[in-house]
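Here is a short tour to read alongside the model. Please keep the sequence and the 3D view open while you go through it.

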Amino acid sequence: TQERTLILLKPDAVKRQLRGEIIRRIEQKGYTILALDQRTASHEELTAHYAEHEGKPFFPPMLEFMSSGPLVALVVAGDECIAGMRSLMGATQPTQAAPGTIRGDLGRAWDKPVIENLIHGSDSPESAAREIGIWFPSLAA
Ligand code: CMP
């Protein structure tokens, strides 16, 4: 099934100059990049994106981290790319992510209030549609 997913290369990925390395892995998998934009995210965008985490202890430091510098938002398309991107990314915690995955190979096992894990990817078709609407309203279905 052809799908679209919303990917964020988080500020730690941009600061560490890992954009090219991560995008190379996405393209090498055969996925298509439909849209790509580097920007410093506003609190409005982030609060909408992370609505399900509002009220959790890590929410304020997460907004601070995610707006601490530019991130790169992408719309990625391809066959089964929602699950495919989750598998390329690896587990949320870089310490638990398998070698061969983006987080497993490139993520750092630092003890921080927020898990700095380089990349976000939508977890379902519903999340993908919602998140594409937040970051790329012109591409909303
Ligand atoms: P992401 O998959 O983008 O979505 C939620 C983010 O919240 C997650 O990446 C982490 O960066 C962060 N996060 C999730 N759970 C925790 C946690 N228990 N402690 C700190 N940060 C978290």
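How many helices and how many strands does the chain have? The chain holds 7 helices and 4 strands, where helices (H or I, at least four residues) and strands (E, at least two) are DSSP runs numbered from the N terminus. This is a predicted model, in which local features need pLDDT of at least 70 and side-chain atom pairs count only at pLDDT 80 or more, while totals for chains, interfaces and linings use all residues. Residue numbers start from 1 along each chain as its sequence is written.

**Overall layout**

Starting at the N terminus, the order of elements is β-α-α-β-α-α-β-α-α-β-α. The C-alpha trace spans about 35 × 35 × 25 Å along its principal axes. A compact globule of 141 residues would have a radius of gyration near 14 Å, and the chain agrees with its 14 Å; the radius is taken over C-alpha atoms, and the globule rule is 2.2 Å times the number of residues to the power 0.38.

Of the 141 residues, 33% count as buried. Here a residue is buried if 20 or more other C-beta atoms lie within 10 Å of its own, exposed if 12 or fewer, and partly exposed in between, with C-beta atoms placed from the backbone. Contacts are residue pairs whose C-beta atoms, placed from the backbone, lie within 7 Å. Among contacts with a separation of 6 or more, 70% come from residues 24 or more positions apart.

**Two helices and the strand β3**

Which residues of α5 are buried? They are Cys81, Ile82, Met85, Leu88 and Met89. Seen down the axis of α5, these residues fall within an arc of 125 degrees, so they line one face of the helix; the arc is that of the directions from the helix axis to the C-beta atoms. The buried residues of α5 pack against β1, α2 (19-28), β3, α6 (102-106), β4 (119-121) and α7. After α5 comes Gly90, with a positive phi near 85 degrees.

Met85 is a good place to look inside α5. Leaving aside neighbours within four places in sequence, Met85 is in contact with Thr5, Ile7, Val76 and Gly121. Met85 and Ala140 are 55 residues apart in sequence, and their C-alpha atoms are 20 Å apart in space.

Helix α7 (residues 125-135) has Ala128, Glu131, Ile132 and Trp135 buried. These residues cover an arc of only 105 degrees around the axis, which puts them on the same side of α7. They pack against β1 (2-9), α3 (43-49), β3 (71-79) and α5 (81-89).

Ala73 sits in strand β3. Beyond its neighbours within four places in sequence, Ala73 is in contact with Leu8, Asp37, Arg39 and Trp135. From Ala73 to Lys112 there are 39 residues in sequence and 23 Å in space, C-alpha to C-alpha.

**Around the ligand**

Which residues surround the ligand? His53, Phe58, Met62, Thr92, Val114, Ile115, Asn117 and His120 do, each with its C-beta atom, placed from the backbone, within 6 Å of the ligand. This shell divides into 4 nonpolar, 4 polar and no charged residues. In that count Ala, Val, Leu, Ile, Met, Phe, Trp, Tyr, Cys and Pro are nonpolar, Asp, Glu, Lys and Arg are charged, and the others, Gly among them, are polar.

The unreviewed UniProt entry places a "binding site" feature at Lys10, Phe58, Arg86, Thr92, Arg103 and Asn117, and its "active site" annotation covers His120. UniProt positions are given in the numbering used here, feature names are shortened, and annotations may be inferred rather than shown by experiment.

Now for the annotated residues in turn, not counting residues up to four places away in sequence. Thr92, in the loop between α5 and α6, touches Ile115 and Asn117. Arg103, in helix α6, touches Met89, Gly90, Ala91, Pro94, Ala97, Asn117 and Leu118. His120, in strand β4, touches Ile7, Leu8 and Lys10.

The table gives the burial of residues discussed above.

| Residue | Other C-beta atoms within 10 Å | Class |
|---|---|---|
| Ala73 | 22 C-beta atoms | buried |
| Met85 | 27 C-beta atoms | buried |
| Thr92 | 13 C-beta atoms | partly exposed |
| Arg103 | 22 C-beta atoms | buried |
| His120 | 21 C-beta atoms | buried |

Definitions and conventions. Contact = placed C-beta atoms within 7 Å.
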